[in-house]
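Visitor: I have a structure to look at and some questions about it. Can you walk me through them?

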Amino acid sequence: MNVPFIDLKTQFSLIKDQVQTNMDRVLDHGAYVMGPEIRELEKRLADFCGQKHALACSSGTDALVLALLALDLKPGDGVLTTPFTFFATAEAIAFIGAVPIFVDIDPRTFNIDPAKLTQTLAALKKREKNGPALPRSGGKSQLGHPVPKDPVPRAVISVDLFGLPCDYDQLEEIVRSENLKLIVDAAQSFGAEYKGRSTCAIGDLACTSFFPAKPLGCYGDGGMCFTSHTATHQLMESLRVHGQGRDRYENVRLGLNARMDTLQAAVLLAKMEVFPRELELRCKAAENYNRLFEGSDLAVPRIFPDRKSAWAQYSLLARDRDHRQAIFKELEKNNIPWAIYYPLPLHRQKAFTYLGYETGDFPVSEDFSERIFSLPMHPYLESHVQEKIVRTVLSA
Ligand SMILES: *Cc1c(COP(=O)(O)O)cnc(C)c1O
């Protein structure tokens, strides 16, 4: 039995005709850059999420950079986020010269812990001994941006890890009372909902990714920024194309080349035909895994009645590092793929040593990085395959 970690082959067999029709149309009209499919996709996904504006761009990482620039984040500003995420979340912050300020995760959600966020914000105002860890001043990023003595917190980037929405009632209350901007890193949660609201309709801005392995993936790189603020959306339209003004050769600000290829939009439009059904199937597969693991000593992902996860990953916790290693050995014997998201929390990545954090600063993230692992997850995962996977895991 060949078990794929993510099954894009089966998906392609279902959407092949539509993908080819859509791609042929692009090849016929020849508008490879900013062709009509881009606007069509933006409208379609804005409607799908119940959000006013959507802006297609070149990747999830560029979506975050565009968002930070559009919200006028400046070098030295503090941006709070989780250390238990893909590198790009904090990389985008540091890339524009702002300072990543890490906040540990809630063990029940794997997402930023609102109580710890409040503690960190309090500590930033009044540096007390024994308070939560903060960036240490004096360091300098590889791009030459120094860590200031007292970075002023300006924004929070929440990450809906593995597709599960954060505790947005609490996060929205905190950002409102502290006058911070909220950027949702929805790279893994496109299609997810918090109390009936799409994660891409939350915050000042939401960013997602269409990297092939994400819940909605294209056949290359792509991303999108969602916002309800018209002026912010217009600013991102300019930033996406070299800070352009009224026409292509008027440049009124520094920007990027961050456009999405028309061909990728054509692929995504075809995938949207099956995406709502795929979300349901992912959810069913996750519930089935949880049921099969019932009674075991593995900590399975929690299902919250007030949220719909996009189930980008099915991640669970082994007892300890050795237990996880034993599970991997069994999985490998049976040709079942696995993954670790994420083996190293961001405060321990070399690129962020300049922030001066130490091992032990974020104990939940550090503990989980040693125990967490992900199993095959996709809409076309069959029940008998899941049974075999679970049997193999439990045999360790
Ligand atoms: C994938 C991902 C990104 C980056 O998206 P790309 O399209 O690969 O640039 C950012 N944040 C998170 C949480 C991600 O999972």
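Visitor: How many disulfides does the structure hold?
Guide: This is a predicted model. A disulfide needs two cysteine sulfur atoms within 2.5 Å. The count of disulfides here is zero.

Visitor: Why does Cys-200 form no bond with the closest cysteine sulfur?
Guide: Look for the closest cysteine sulfur: it belongs to Cys-49. A disulfide has a cut-off of 2.5 Å. The sulfur of Cys-200 is too far from that of Cys-49 for a bond, because the gap is 4.4 Å.

Visitor: Is Cys-218 buried or exposed?
Guide: Buried means under 20% relative accessible area. Cys-218 has 0% relative accessibility, so Cys-218 counts as buried.

Visitor: What is the distance from the sulfur of Cys-218 to the closest cysteine sulfur?
Guide: The closest cysteine sulfur sits in Cys-57. That is too far for a bond, because the distance is 10 Å.

Visitor: Now the ligand. How many residues surround the ligand?
Guide: The closest include Gly-60, Ser-209 and Lys-214. Counted in full, the residues around the ligand number 14.

Visitor: What part of Gly-60 lies 2.7 Å from an oxygen atom of the ligand?
Guide: Ser-209 and Lys-214 use their side chains: an N or O atom of Ser-209 is 2.6 Å from a ligand oxygen, and one of Lys-214 is also 2.6 Å from a ligand oxygen. For Gly-60, the atom is a backbone N or O.

Visitor: How much of the area that the ligand exposes alone does the protein bury?
Guide: Taken alone, the ligand exposes 380 Å². Of that, the protein buries 93%.

Visitor: Which helices each supply at least two residues of the shell around the ligand?
Guide: The ligand takes up the space of the largest pocket. One helix spans 60–70 and another 88–95. They are α3 and α4.

How values were computed:
Residues numbered from 1 in each chain as written. Predicted model: local features only at pLDDT ≥ 70, side-chain atom pairs only at ≥ 80, totals over all residues. Heavy atoms only, no water. Buried < 20%, exposed > 50% of the residue type's maximum accessible area, 1.4 Å probe, protein only. Near = heavy atom within 4 Å. Polar contact = N/O pair within 3.5 Å; in protein donor to acceptor, adjacent residues only side chain to side chain. Areas by Shrake-Rupley, 256 points an atom, 1.4 Å probe, with all protein chains shown as cover. 1 Å grid on protein atoms, 1.4 Å probe; cavity = no way out; pocket = protein on both sides within 12 Å on 5 of 7 lines; lining within 4 Å. Sits in = over half its atoms within 2 Å of the grid points. Helix = DSSP H or I, 4+ residues; strand = E, 2+ residues; numbered from the N terminus.
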